[in-house]
Amino acid sequence: MEDPLVPVVPMSHTAHIRSHRKPRRNASSLAMRAGVAGGVLSTLAVAGASGSAYAADPVTQTVELPALTADLSTQVAQSADATQQAAANYELQAERDAAAAKAAKQAKADLAEAKKKAEAKKKAEAARKAAAAQAASRSSQRTTLAASADVSVPASGSVATVISFLKAQVGDAYVMGGTGPNAWDCSGLVQAAYKQVGVDLPRVSQSQSTAGTPVSLSNVQVGDILYWGSAGSAYHVGVYIGNGQYLDAANPSKGVVIQDLSGYPATGAVRVL
């Protein structure tokens, strides 16, 4: 039997030098190394366990939260109070502005009303003065007319009296149904004029148009009664005063006036004097 082959391991070229050989590790050094390693691992294990314990039970800081929450609540409450106060101030200011606007509007209306009353009073005073002046002028005119002689009036005193009375009423107002002394309608004036000489005429124009002797318009004389419309149904009367003119209570806009026959020709005439 042949001897088993033993592998030959080539040695380093420095192996024969004792200082270059690797020292052999004995049991004691290995044990020491194992102990050190075990201690390190134990330390790491303990540290890991402690870390896990701390991670499982985290530390929470709650000391400052109550203080922060209380401050925030106070600030919110203060902000709400400020907002409410601002809203109240705005509402109060709005009420004041509305009251001021209403007062200004009322003052403006009062001023306009005062001006209106003052203007009306001024106009009334002016109208009163004008009426007084007109009345004075009419009175003066009546006096002059009554004192003057009308050359177209016949010698008959009765006709002159009628014409004088009629001219003294010039400027008086026309009022439907008026019989004097300062307001007349057409038949009321004619009736009053002839009553001055004792002639009693009917009250209305229809009857007056047939009260005397009918005469043609070409033969009309001073003092004759003129009428417009048909005899017996005349709607207006006046008195002829000569020179192609007549005197009548014309209408509300003119009153008692003297007019030309050419401007408003009569329908017929009657003579009562």
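Trainee: Why is arginine 271 called partly exposed?

Mentor: This is a predicted model. In it, arginine 271 has a relative accessibility of 23%. Buried means under 20% and exposed means over 50%, so a value in between counts as partly exposed.

Trainee: What makes aspartate 224 buried?

Mentor: Its relative accessible area is 2%. The cut-off for buried is under 20%, so the label follows.

Trainee: How do you know that aspartate 224 and arginine 271 meet in a salt bridge?

Mentor: Their side chains come to 2.9 Å, N to O. The rule asks for a side-chain nitrogen of Lys or Arg within 4 Å of a carboxyl oxygen of Asp or Glu, so the pair qualifies.

Trainee: What makes this a link between distant parts of the chain?

Mentor: The two residues are 47 residues apart. Aspartate 224 sits in the loop between E3 and E4, and arginine 271 belongs to strand E8, residues 268-271.

Trainee: How many salt bridges are there by this rule?

Mentor: The count is 2. Aspartate 185 and arginine 203 also form one, at 3.0 Å, N to O. The limit is within 4 Å, so that distance passes. These partners are 18 residues apart. Aspartate 185 is in the loop between strand E2 (183-184) and H4, while arginine 203 is in the loop between H4 and helix H5 (205-208).

Trainee: Is aspartate 185 buried or exposed, and what about arginine 203?

Mentor: Aspartate 185 has a relative accessible area of 6% and is buried. Arginine 203 has 27% and is partly exposed. Buried stops at under 20%, so the two values take separate labels.

Trainee: Why can such side chains pair at all?

Mentor: Opposite charges can pair when the charged atoms come close.

Trainee: Now the sheet. In what order do its strands run?

Mentor: The open sheet has 6 strands, ordered E3-E8-E4-E5-E6-E7, with antiparallel pairing.

Trainee: Why do strands E3 and E7 stand at the edges?

Mentor: Strand E3 (213-215) and strand E7 (255-260) each have a single partner strand, so one side of each lacks a neighbour in the sheet. From one strand to the next, the twist averages 35 degrees.

Trainee: How do you know that E6 and E7 pair?

Mentor: 6 bridges join strand E6 (residues 245-251) to E7. Pairing needs at least two bridges, so the two strands pair. In E7, valine 257 stands opposite aspartate 248.

Trainee: Which strands does helix H3 touch?

Mentor: Helix H3 (residues 157-168) packs on the sheet, touching E5 (236-242) and E6. Its direction makes about 115 degrees with that of E5.

Terms used. Residues are numbered from 1 along each chain as its sequence is written. This is a predicted model: local features need pLDDT of at least 70, side-chain atom pairs count only at pLDDT 80 or more; totals for chains, interfaces and linings use all residues. Side-chain values use heavy atoms; hydrogens and water are left out. Helices (H or I, at least four residues) and strands (E, at least two) are DSSP runs, numbered from the N terminus. Axes are lines fitted to C-alpha atoms, for helices over the stretch in contact, and angles run from 0 to 180 degrees between N-to-C directions. Contact means heavy atoms within 4.5 Å. Buried means under 20% relative accessible area, exposed over 50%, partly exposed in between (1.4 Å probe, protein chains only).
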